[in-house]
Amino acid sequence: PYSIARLSALLRHHGYNVNVHDTNVESYQYVKNNHDINYWEGRYYYAWERPVYHKEVFPIIKPVLDHSINDILATGDDIVGFSLYLTNLLSSLYMIEELKKKKPEIKVVVGGPESFNDWFENLVFKELEFPREYIDFRIQGEGEQELLTLLENLDSFLPREELYTFGGFRSKLDLNQLPFPDYTDFNLNLYLHSDGASIETSRGCVALCSFCAETHFWKYRWRDSDRVIEEMRHQIARYGIRRFWFVDSLANGNYKEFKRLVERIIEEKLDVKWNSY
């Protein structure tokens, strides 16, 4: 989970205490070990939506969700964040509701792809009839600066029924200035490739394809190849990483810098495998 590792590293860099819970991979392992089905295969995407989710998936993974809820409460954290996708929305809403019931004063912030859809509030609060007061903050677009700003000013936001919304698609974050993702919270043995990690060389896309949402997001930016190599060396030394997945929508948007990156991998004699879009 690259973005979660990135956010936790950034917050720790600024002195915040952070606890990370990957309930998704724990659910995956639980179902894998106890049931003869893999809901994480692409062909089962529909199982994470109504009505199949409530009928088939939720009864199976509920023990994992409940365990994660108790773990979160045990940390004593004041604010809890969820990265929302179409396929984890219903599970996340269940966890949020239970957290709010058990600890009403806890603050909930949501981000991720599903949170910045235009239909988010209509889907969650009207169609799913989820209580509005259970979600306090919503972050759209790039979360690094917005989440940090939220935490720095948390006490200034008065309680209200309507959620506060931050961010958008005009972010100009300098990707070279962000700290390296922190994977210390993750048990890498739970993942399909325990020696693998995600990595980022750019955000956005230089194309203007009408069928793709990427062009409507933030301006295309890239990281210096030297900075990417530095991150690769860091992850190799710290976690024994041997596989890197570039999460970029377009890794070679800046062809000169991408070519330099490949040359540096060879020069540094990095014994790794990698792939990208």
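In the predicted model, the element that gives the most to the lining of the second largest pocket is α4, which supplies 4 residues. Two elements, α3 (52–75) and α4 (89–102), each contribute two or more residues to the lining of this pocket. The space that lies within the second largest pocket amounts to about 220 Å³. Its lining is made up of R50, Y53, H54, F58, L90, L93, Y94, E97, L128, E129, F130 and P131. When these lining residues are sorted by character, 8 of them are nonpolar, 1 is polar and 3 are charged.

Besides this open pocket, enclosed space was also examined. The structure holds 1 cavity of 30 Å³ or more, and the volume of the largest cavity is about 80 Å³. A total of 13 residues line the largest cavity, and among these T201, R223, A251, E257 and F258 are the ones that lie nearest its centre. The helical elements α7 (225–239) and α8 (255–267) are those that give two or more residues to this lining, and α8 provides the largest share, with 3 residues. In terms of character, the lining of the largest cavity divides into 6 nonpolar, 4 polar and 3 charged residues.

The pocket and the cavity belong to a chain that is built from 8 helices and 9 strands. The radius of gyration of the chain is 19 Å, which is close to the 19 Å given by the globule rule for 277 residues, and the chain is therefore as compact as a globular protein of that length. Taken along the principal axes, the box filled by the C-alpha atoms of the chain has dimensions of roughly 55 × 45 × 40 Å.

The packing of the chain can also be described through burial and contacts. Of the 277 residues in the chain, 45% are buried, where a residue counts as buried if its relative accessible area is under 20%. If contacts are restricted to those between residues at least 6 apart in sequence, 76% of them join residues that are at least 24 apart. As for the surface, the chain exposes about 15100 Å², and 50% of this area is supplied by carbon and sulfur atoms.

Key. Residues numbered from 1 in each chain as written. Predicted model: local features only at pLDDT ≥ 70, side-chain atom pairs only at ≥ 80, totals over all residues. Heavy atoms only, no water. 1 Å grid on protein atoms, 1.4 Å probe; cavity = no way out; pocket = protein on both sides within 12 Å on 5 of 7 lines; lining within 4 Å. Points joined across faces, edges and corners; volume = space filled by probe spheres on them. Nonpolar A, V, L, I, M, F, W, Y, C, P; charged D, E, K, R; others polar. Rg over C-alpha atoms; globule rule 2.2 N^0.38 Å. Buried < 20%, exposed > 50% of the residue type's maximum accessible area, 1.4 Å probe, protein only. Contact = heavy atoms within 4.5 Å. Areas by Shrake-Rupley, 256 points an atom, 1.4 Å probe, with all protein chains shown as cover.
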